[in-house]
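Visitor: Pick one spot in this model and look at it closely, then work outward to what surrounds it. Numbers are welcome.

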Amino acid sequence: MSALDPHAERHRIRLVLGKHPSAVLLAAQLLGLLAYPYLQGSRAGIAIFGVLQLAIVATALWAVRRTPALSWVALCLGVPGMVFTVLEAISPGSDWIVLTSALLHAPFYFYISYGMIRYLFYDDRVTRDELFATGAAFTVVAWGFAYVFVAAQVVWPGSFIGAGGESERDWFELLYLSFSTLTSVGLSDVVPVLPHARSLVMVEMVAGVLYVALVVARLVGLTVSRTTPR
């Protein structure tokens with residue numbers, strides 16, 4: 001068989017992707033972050049990003065199958081989330097669609113992150129895919145909180161202000177706030193101004209610190225257990 005056989009190459013790629021679903025999810029999340037600015041501002045762009053969102057949700061469902069989490073829980077949240085992703089792309093100005101979509105996506109992403117964290121703690125060794133899962137879980141938590149902020153903005157209008165004035169923040173701005181809060185860098189120009197919004201942002205601050213401490217403690221503990229004579 002030739003080393004350049006396309007069938008063999010596709011089979012090898014499928015094997016690699018099958019062994020590292022968390023890496024695929026992490027790559028999909030980062031691709032979404034990089035693609036959104038090119039798609040923002042047009043109906044077609046919103047629709048294309050909606051399709052990309054569907055791909056990310058599907059990838060998350062696929063990745064969580066490798067974890068100790070319950071796939072049916074992820075499906076019960078992910079499938080309706082896909083439906084409302086399409087509806088939100090069609091009617092981005094409908095508050096009830098935006099709110100319902102956010103209330104489906106937030107617990108879905110949080111459950112995916114829970115499954116990945118359980119995956120990391122599942123055994124006494126860290127595989128390459130589990131390392132990718134630490135990064136994927138972090139980005140998934142950030143996406144989950146972004147949808148929490150979207151829901152807060154619908155329920156309590158004016159929850160966030162930013163450099164663009166006092167109008168409602170779009171999803172990408174709230175995702176930027178979520179990442180800057182979770183990583184504790186504090187670089188966001190989006191600011192929570194209402195009490196409920198500030199409470200949610202403070203919860204994410206605590207979650208970010210706890211996540212880093214949890215992962216570092218796990219990796220250090222495994223390293224020590226490997227070097228300690230039994």
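Guide: Ser-184 is exposed: its relative accessible area is 51%, and the cut-off for that label is over 50%. This is a predicted model, and every value here is computed from it. The phi angle of Ser-184 is near 65 degrees, which is positive although the residue is not glycine. Its place is the loop that runs from helix H7 (171-182) to strand E2 (191-192).

Going back from that loop into H7, the next residue to look at is Phe-179. Phe-179 has 18% relative accessibility and therefore counts as buried, since the limit for that label is under 20%. Its contacts, with neighbours up to four places away in sequence set aside, are Leu-33, Thr-139, Ala-142 and Trp-143. Leu-33 falls within helix H2 (21-39), while Thr-139, Ala-142 and Trp-143 fall within helix H6 (128-155). The pair Phe-179 and Ala-142 is separated by 37 residues in sequence, but the two C-alpha atoms are 5.6 Å apart. On the spacing of such contacts along a helix, a general point applies: an α-helix has 3.6 residues a turn, so residues three or four places apart point the same way.

That leads to H6 itself. H6 has 28 residues and spans 41 Å between its first and last C-alpha, close to the 40 Å expected at 1.5 Å a residue. Of those 28 residues, 22 are buried, so H6 is largely enclosed by the rest of the structure. Thr-134 is a residue of H6, and at 17% relative accessibility it counts as buried. Beyond four places in sequence, Thr-134 touches Leu-120, Tyr-211 and Val-215. Leu-120 is the last residue of helix H5 (95-120).

H5 also meets H6 through Leu-99, which is found in H5. Leu-99 touches Ala-151, Val-154 and Val-155, again without residues up to four places away, and these three fall within the 128-155 range of H6. Leu-99 counts as partly exposed, because its relative accessibility is 22%. The C-alpha atoms of Leu-99 and Val-148 are 9.4 Å apart, across 49 residues of sequence.

Two further residues tie in the helices that come earlier in the chain. Val-73 sits in helix H4 and is buried, with a relative accessible area of 18%. Val-73 lies 38 residues from Tyr-111 in sequence and 8.2 Å from it in space, C-alpha to C-alpha; Tyr-111 falls within H5 (95-120). Trp-62 belongs to helix H3. Its relative accessible area is 33%, so Trp-62 is partly exposed. Between Trp-62 and Pro-21 there is a C-alpha distance of 7.1 Å, with a sequence separation of 41 residues.

The helices named so far also bear on the largest pocket. That pocket holds about 540 Å³ of space and is lined by 27 residues. Nearest its centre are Tyr-36, Glu-88, Pro-92, Val-98 and Trp-171. Trp-171 is the residue at which H7 begins, that is, the helix that leads into the loop holding Ser-184. H2, H3 (43-64), H4 (71-90), H5 and H6 each contribute at least two residues to the lining. H3 gives the most, with five residues. Sorted by class, the lining is made of 11 nonpolar, 11 polar and five charged residues.

Last, the chain as a whole. It contains eight helices and two strands, in the order α-α-α-α-α-α-β-α-β-α along the sequence. Of its 230 residues, 43% are buried. Among contacts between residues at least 6 apart in sequence, 74% join residues at least 24 apart; the contact of Phe-179 with Ala-142, at a separation of 37 residues, is one of these. The chain exposes about 12,200 Å², of which carbon and sulfur atoms supply 70%.

How values were computed:
Residues numbered from 1 in each chain as written. Predicted model: local features only at pLDDT ≥ 70, side-chain atom pairs only at ≥ 80, totals over all residues. Heavy atoms only, no water. 1 Å grid on protein atoms, 1.4 Å probe; cavity = no way out; pocket = protein on both sides within 12 Å on 5 of 7 lines; lining within 4 Å. Points joined across faces, edges and corners; volume = space filled by probe spheres on them. Helix = DSSP H or I, 4+ residues; strand = E, 2+ residues; numbered from the N terminus. Nonpolar A, V, L, I, M, F, W, Y, C, P; charged D, E, K, R; others polar. Expected span 1.5 Å × (residues − 1). Buried < 20%, exposed > 50% of the residue type's maximum accessible area, 1.4 Å probe, protein only. Contact = heavy atoms within 4.5 Å. Areas by Shrake-Rupley, 256 points an atom, 1.4 Å probe, with all protein chains shown as cover.
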